[in-house]
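Grab your viewer and work through a few short exercises. Try each one yourself before reading the solution.

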Amino acid sequence: MAYQTIIEPFRIHSVEPIPMTTREQRQEAIRVAHYNLFQLPARNVMIDLLTDSGTGAMSRDQWAAIQHGDESYAGSPSWEIFESAVQELFGFPHIIPTHQGRAAERILFSVLGGPNKIVPANTHFDTTRANVEYTGAQAIDLLCPEGLDPELEAPFKGNINLSALEALLAKRATDIPAVILTVTNNSGGGQPVSMENIRAASTLCRTFGVPLYLDSCRFAENAWFIRLREPGYATKSVTEIVREMYSYADGMTMSAKKDPMANIGGWLATNDPAIADQARTMLILTEGFPTYGGLAGRDLEAIAQGLREAVSHDYLHYRIASTAYLGDALEEMDFPVVRPSGGHAIYLDARRLLPHIPALAYPGQALAIALYELGGVRGCEIGSVMFGRAPDGSEHPSALELVRLAIPRRTYTQSHIDYVVEVCAEVLNIAPNLRGYRIVKEPPALRHFTAQFAPLV
């Protein structure tokens, strides 16, 4: 008999308290934070779904690996364990460790980017786009048409638009230093990319002599979706699927704070020895020696162990099913969400929920603030605030106005998620009364982290 209850494939070994706050306390806290949820002290948050990056619970075996860490500056045994784990799963010969994913992006685009260059992707995430544009290059999103429809049920809405990619390569291949595929597609609703799409993108890239890099933060979740949804993969192991995915790529960037389930870390990997040499030079200048890259030996070993746990079928079944549990509950109450559910997060569709708030009055920000004020749930706007201004300073509405509820790995139980559902139900009831926001202060890039807002009257 198949039981319906989703049980965690682990027991809780250690706990930390959750601060229980009142609505009045939260209203004052968000006002002091200038209505920016990134500026809230964590002590004022009850259920923190701002990100799944570095916020998961490490396992008993990861903590044991930390105790095994060796802190030698050069040539640490912990480096050898880390390098071996990455190469065994992904196959790239050149591994450049970094303190987190955006450092890997900065190094890669410092090497590949520059004025008049174009970097196409299915959808660039915020830090990826910023690191591309910081070099003077242009970041272009080529999401498949299905990915632009939040209500459409389609298995691989994270795919890159192959016809658009081919047309761009045919016209500008000499200006394209790399194509990026983000798996899963975080900015596009956490939607997966199919093996067929990865393979076809690889074929196009190799035809035009352009390398393909995978932005790999949620590689295991993407592989699980391939196993569930793509013909021919149901009997393959996640490890086999991951190895095939990366056989089509020329390199990868990784934040180990996501699927590898570490609290810090990342890497850049490549098949190209010339790119690797340039990257190591940048690494030494800004991160550290090539065998630690800004990480302690204990972190390298925690990541290596996390990679082994990330491809566990029991874990991935629990992870994807428990995320879908939240999405299904919200859909049952007619709360507009991106369908189907992603692997690491549920994306609330603020544009459909709040049609009375114009895009540049930031409906996603309004929804995120309401979730916090009513129930202490901290989410993240993924829309016109996050995507910011164009390089020329102009501002345009985002294609999607979303709020991401990112679920940390192995951190919250089903009762926490049931509480989130209740808070969303209350937000649904008051949605017509919510108002937009204006930005009163913003930096030139990545404004969502530090911008200050004020409510519209």
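Here are three exercises on this predicted model, each followed by a worked solution.

**Exercise 1.** Find where asparagine 222 sits, decide whether asparagine 222 is buried or exposed, and work out what its side chain reaches.

*Solution.* Start with the secondary structure: asparagine 222 belongs to helix α8, which covers residues 219-229. Next, check accessibility. Asparagine 222 has 0% relative accessibility, so it counts as buried, the cut-off being under 20%. Now look for polar partners: the asparagine 222 side chain comes to 2.8 Å from the backbone nitrogen of valine 193, and the limit for a polar contact is 3.5 Å. Finally, list the neighbours, skipping residues up to four places away in sequence: asparagine 222 touches Val183, Thr184, Pro192, Val193 and Met245.

**Exercise 2.** Which residues of the largest nonpolar core touch the most other members?

*Solution.* The largest nonpolar core holds 63 residues, and the ones touching the most other members are Phe90, Val179, Phe219, Met245, Tyr246 and Trp267. Then there's a second, separate core with 49 residues, including Ala33, Ala350, Leu434 and Phe453. Back to Exercise 1 for a moment: Met245 is also touched by asparagine 222.

**Exercise 3.** Count the disulfides, then check cysteine 217 and cysteine 424 one at a time.

*Solution.* With a sulfur-sulfur cut-off of 2.5 Å, the count is zero disulfides. For cysteine 217, the nearest cysteine sulfur belongs to cysteine 380 and lies 14 Å away. Cysteine 217 is at 11% relative accessibility, so it counts as buried. For cysteine 424, the nearest cysteine sulfur is again that of cysteine 380, 15 Å off. Cysteine 424 comes out at 0% relative accessibility and therefore counts as buried.

Notes. Residues numbered from 1 in each chain as written. Predicted model: local features only at pLDDT ≥ 70, side-chain atom pairs only at ≥ 80, totals over all residues. Heavy atoms only, no water. Helix = DSSP H or I, 4+ residues; strand = E, 2+ residues; numbered from the N terminus. Buried < 20%, exposed > 50% of the residue type's maximum accessible area, 1.4 Å probe, protein only. Polar contact = N/O pair within 3.5 Å; in protein donor to acceptor, adjacent residues only side chain to side chain. Contact = heavy atoms within 4.5 Å. Core = buried A, V, L, I, M, F, W, Y, C linked by side-chain atoms within 4.5 Å.
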